Amino acid sequence: MFRKSTESDCRAIYNLICDMENKELPYDEFEKIYFKQINRDDMYCLVNSVEDEVIAFINLRFEDQLHHCEKIAEIMEFVVDARYRNRGVGKDTFEEASRIALDRGCSQIEVACNQLRVDTHRFYEREG
């Protein structure tokens, strides 16, 4: 089930990001940033959940960019719980995020991804 993230999703998203980064981040700082972001009009944190458990999320930022002369969506973070990878969850979450970006008037989605995340690069290339 897709929905916009809420304050109650903070801990689940924190855990997914710590897993992605392979380190424990300071929760107090994470929580402050998270609460600011979920209330911003230029950001949208999409949650994919199963029975109220967050299994994936994608955090988008929307902005007008000079070098495009258009509004662009940028993927800030995108994580799928390891137990749900390779099952279409990432593809479905990305497609829903793409619909949201289009509804917000974005002409494209951009992403920057650590070079070490080879599987993630493959995913983005496959999804176009």
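## Aromatic residues and helix packing in a predicted model

Phe35 is partly exposed, with a relative accessible area of 26%; buried means under 20% relative accessible area, exposed means over 50%, and partly exposed lies in between, with a 1.4 Å probe and protein chains only. The model is predicted, so that local features need a pLDDT of at least 70 and side-chain atom pairs count only at pLDDT 80 or more, whereas totals for chains, interfaces and linings use all residues. Residues are numbered from 1 along each chain as its sequence is written, and side-chain values use heavy atoms, with hydrogens and water left out.

The protein chain has 128 residues, of which 38% count as buried. Its secondary structure comes to four helices and five strands (DSSP runs numbered from the N terminus, H or I over at least four residues for helices and E over at least two for strands), and along the sequence these elements follow the pattern β-α-α-β-β-β-α-β-α. Among contacts (heavy atoms within 4.5 Å) that join residues at least 6 apart in the sequence of the protein chain, 56% are between residues at least 24 apart.

Four aromatic pairs are found in the structure, a pair being two rings of Phe, Tyr or Trp (its six-membered ring) with centres within 6.5 Å, called stacked if the planes are under 30 degrees apart, edge-to-face if over 60, and tilted for the rest. One of the four is the pair of Tyr14 and Phe30, which is edge-to-face, with 5.2 Å from centre to centre and 70° between the planes. This pair links distant parts of the chain, since Tyr14 belongs to helix α1 (residues 10–21) and Phe30 to helix α2 (residues 27–38), 16 residues apart. Tyr34 and Phe35 also form an aromatic pair, but a tilted one, with a centre-to-centre distance of 5.9 Å and an angle of 55° between the planes. Through ring pairs, Tyr14, Tyr27, Phe30, Tyr34 and Phe35 are linked into a cluster.

A charged side chain also lies over this cluster, in that Arg11 is placed over the face of Tyr27, at 3.7 Å from the ring centre; the criterion is that NZ of Lys or CZ of Arg is within 6 Å of the ring centre and within 35 degrees of the ring normal. Lys4 has a comparable placement over the face of Tyr44, at 5.4 Å from the ring centre.

The packing of α1 and α2 is described by an angle of about 115° and by axes that are 10 Å apart, where axes are lines fitted to C-alpha atoms, for helices over the stretch in contact, and angles run from 0 to 180 degrees between N-to-C directions. On the side of α1 the residues that meet the other helix are Cys10, Arg11, Ile13, Tyr14 and Ile17, and on the side of α2 they are Tyr27, Phe30, Glu31, Tyr34 and Phe35. By class, this contact has eight nonpolar, no polar and two charged residues, with Ala, Val, Leu, Ile, Met, Phe, Trp, Tyr, Cys and Pro counted as nonpolar, Asp, Glu, Lys and Arg as charged, and the others, Gly among them, as polar.

The table lists relative accessible areas for residues from these helices and from the regions discussed below.

| Residue | Relative accessible area | Class |
|---|---|---|
| Tyr14 | 4% | buried |
| Phe30 | 12% | buried |
| Tyr34 | 6% | buried |
| Ala97 | 0% | buried |
| Asp92 | 39% | partly exposed |
| Glu51 | 78% | exposed |
| Cys69 | 72% | exposed |

Ala97 is placed in helix α3 (residues 89–103). If residues up to four places away in sequence are not counted, Ala97 touches Leu46, Ile58, Leu60 and Ile109, and its C-alpha is 9.5 Å from that of Phe57, although the two residues are 40 apart in sequence. Asp92 is likewise placed in helix α3, and its C-alpha is separated by 9.5 Å from that of Phe2, with the two positions 90 residues apart along the chain counted as their separation.

Two loop residues have a positive phi. Glu51, in the loop between β2 (43–50) and β3 (53–65), has a phi near 50°, a positive value in a residue other than glycine. Cys69, in the loop between β3 and β4 (70–80), has a phi near 55°, which is again positive in a residue other than glycine.
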